[in-house]
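Visitor: I am new to this structure. Please take a close look at one part of it, the largest pocket, and then show me some of the elements around the chain.

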Amino acid sequence: MTPYTPYTHSTEIRKVFELDELANVLEDDWRTLFYLIPRKIADIDQPAGSYPIRYNGTHESELDEYGKAQNTARARLLLEEWGTSGRKAERPTLGHLYALVDKGGMIRACRHIEKLLKVPESAQPNSGPAAPIDVDSELDRVLEEQLGKISYPNSTALQNGDISITQANNLDYQLPSKREDVVNPPNAVPDSIIEGTLPILSRSDNNEQSVVVPMLSDLLRTDGEVPEASTSNNESTPRQTVEGVTISSTSDSASESINSTPTPTESMARVLPVVLPTIPEAGELPNLSIFGSAAPEESVEAGLPALSALLPNSEDQPNTDHSSRLSTTVSSEGDTSASNSSYSSAPQSSNVEPLDIPSNLIVFSSEHPVAAMEPMINFPFALLQTVTANFDSKRFTNRNPMQPDGRILGTGGFGEVFLALNLTTTYPVSAVKRLFPTNYKYKEKFERELEILSNYNHPNIVKLIGFSKDVTLCLVYEYLPDGTLGAALEKSRQGQLHLPVNRRISYLLGVAAALEYLHGPLVQVVHRDVTLANILLHGDVAKLCDFGLVRRIDSMTSTEVSGTGPYISPEAMRGTVTPALDVYSFGVVLAEVVTGEEVLFVAIPEGTGDLIERVTERGADLESMVDRKITSGELSRWLTIGKDLLKLSNWCLRDRFKRPSASAVRSSIQNML
């Protein structure tokens, strides 16, 4: 009876539950496997070296460095990347992997896969590394017998130095004798080092000045005494002094000084050339006069500012409060009061930081400058009920916010978004998202979005105005009147809206800039749900929204698959979370904007494949896929730009290690304007 196994030769690698065990077996041979993987799965049975391989040396270096950074087995990353590549009919299987490890002579991996498939073991070669080893040879028997006769000393005797590790067995080797021409200088290891104190080091040169490294305890004297500075009379030949031993740089041997070794305090007092400062009190600026008197202005070299210019002057500079973003509570009557919030970007301090201290002179520049943060507002739920007409369930369709025919702007997986009127004087029209309390982990998603949007701001990320937590969790955003990018493309398909070339490029550029900001060193998060429905529009500006699924970049795995249908990258299906996930999703958005097609389109013409398959198909006619719903005067330029954008989309939709960064995507689109 054939033993049961859930696997066959046609089982895709990405569906193997024991993938970690398989990766551990392959870890020592991952590079061999790496350079055996063919570009086309049909070449799997061809001899090694007779077909184009899928990866190159650059990919190997990237995978190796990524594995080191994440402390992950390289074979695990390789199987994950290769196992999720290609179309469904071309994805690698256990049979394909077995053929490669057999081709590479990886006998342990062959045996492991054979156990997974519950098939008989294949015959081993008679020669080479994979050949079986005869452990019953006469030589092996004799060696084992000799080793068995050796008596090993116990560990206590070895630790006490009573016996050599080889003395009992009479196996000591003749060690080379110590060189007689090497003379150890006396006091090579001073007692001060053994006792835990530092030796006195001095270096003299032809300027007849000595510099001593004193003990730290002498620098922190509290008796107020200042050691006298002095210089030592030195010879013209440079030399070094270590604990009374003088070594000349022009001599081949060391001579011992007849002077007795001074104590650290005595040496410091005799040779220290400067006056030691006293330690300033807390809040007091250190005395910089110890570095010498200020040079006259005419003696300062051009381009080198005086150090005093970087220091704040409490008498001349006004006090400027650079406090973190505060949470402001608004009552239902409209009065506001500042309150501490757990969502502040930094702890508040009563100390006022002067404007022109050196840290404030460092300004981070960006192609897309970050907008200034505004105070967060904690709205009472009753006020949100009032401004949304008690959360009117009718859909807002007449595009007149002053006389709306309804209040619902949209409905998503996490909640409903309502039009709010006259909430604040700054934002007479705003949008309120009321989260579904029955949604899975809705509190966690509320906290995620509140944390990100209350601490970071960007021109292409929707602005969060405030929140409410007292009855139902709500988030309050700025209102963008032109709806979602998905709705705009749908109107374009129906001929109800014209999307000019520059506007389409502006939308794509804005989203790419937002991803570049999120993935950058300041924020370091992955959005995980970049879709047409989560891109809001206002004129030529596109803003990314819905941060309920956001994850930190340092959190590389997730136990749940999150996202929207075809926007989810293949590696995300296995729980891998990296910035490349967002780049893949943006590649889908790119294809939709350029072609005008919908990736979620159900009725696919027979024999044509979906949008992603057609964009990534080798040798695809990308120009024929560009949306023609453009004015005749722009069509020629749009066909050229559209083709380049589809090439960029193809790049974004590649395997994870081959995708560009969000910064590279943004730069590519910027160059097309």
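Guide: Here is the pocket, followed by two helices and a loop residue.

This is a predicted model: local features need pLDDT of at least 70, side-chain atom pairs count only at pLDDT 80 or more, and totals for chains, interfaces and linings use all residues. Residues are numbered from 1 along each chain as its sequence is written, and side-chain values use heavy atoms, with hydrogens and water left out.

The largest pocket has a volume of about 1,500 Å³. A pocket here is an open set of points on a 1 Å grid over the protein atoms alone, where a 1.4 Å probe fits, with protein on both sides within 12 Å along at least five of seven lines. Its volume is the space filled by probe spheres set on the points, which are joined across faces, edges and corners.

The pocket is lined by 42 residues. A lining residue has an atom within 4 Å of a point. Closest to the centre are S85, G86, R87, T616 and D655. Helix 4 (74-83) and helix 18 (611-616) are the elements that each give two or more residues to the lining. Helices are DSSP runs (H or I, at least four residues), strands are E runs of at least two, and both are numbered from the N terminus.

By class, the lining has 13 nonpolar, nine polar and 20 charged residues. Asp, Glu, Lys and Arg count as charged; Ala, Val, Leu, Ile, Met, Phe, Trp, Tyr, Cys and Pro as nonpolar; the others, Gly among them, as polar. At least three lining residues come from each of domain 1 (13-117) and domain 3 (483-671). Those bounds come from an automatic or database domain assignment.

Helix 4 also helps to cover helix 5. Seven of the ten residues of helix 5 (residues 94-103) are buried, meaning under 20% relative accessible area with a 1.4 Å probe, protein chains only. Among them are L94, L97 and Y98. The cover also includes helix 1 (19-26), helix 2 (30-34) and helix 6 (107-117). Just after helix 5, G105 takes a positive phi of about 70 degrees.

Now helix 17 (residues 579-595). Of its 17 residues, 16 are buried, so helix 17 is largely enclosed by the rest of the structure. G596 follows, with a positive phi near 75 degrees.

Last, T531 lies in the loop between strand 14 (525-526) and strand 15 (535-538). T531 counts as buried because its relative accessibility is 4%.

Notes
The expected span of a helix is 1.5 Å times one less than its number of residues. Buried means under 20% relative accessible area, exposed over 50%, partly exposed in between (1.4 Å probe, protein chains only). Contact means heavy atoms within 4.5 Å.
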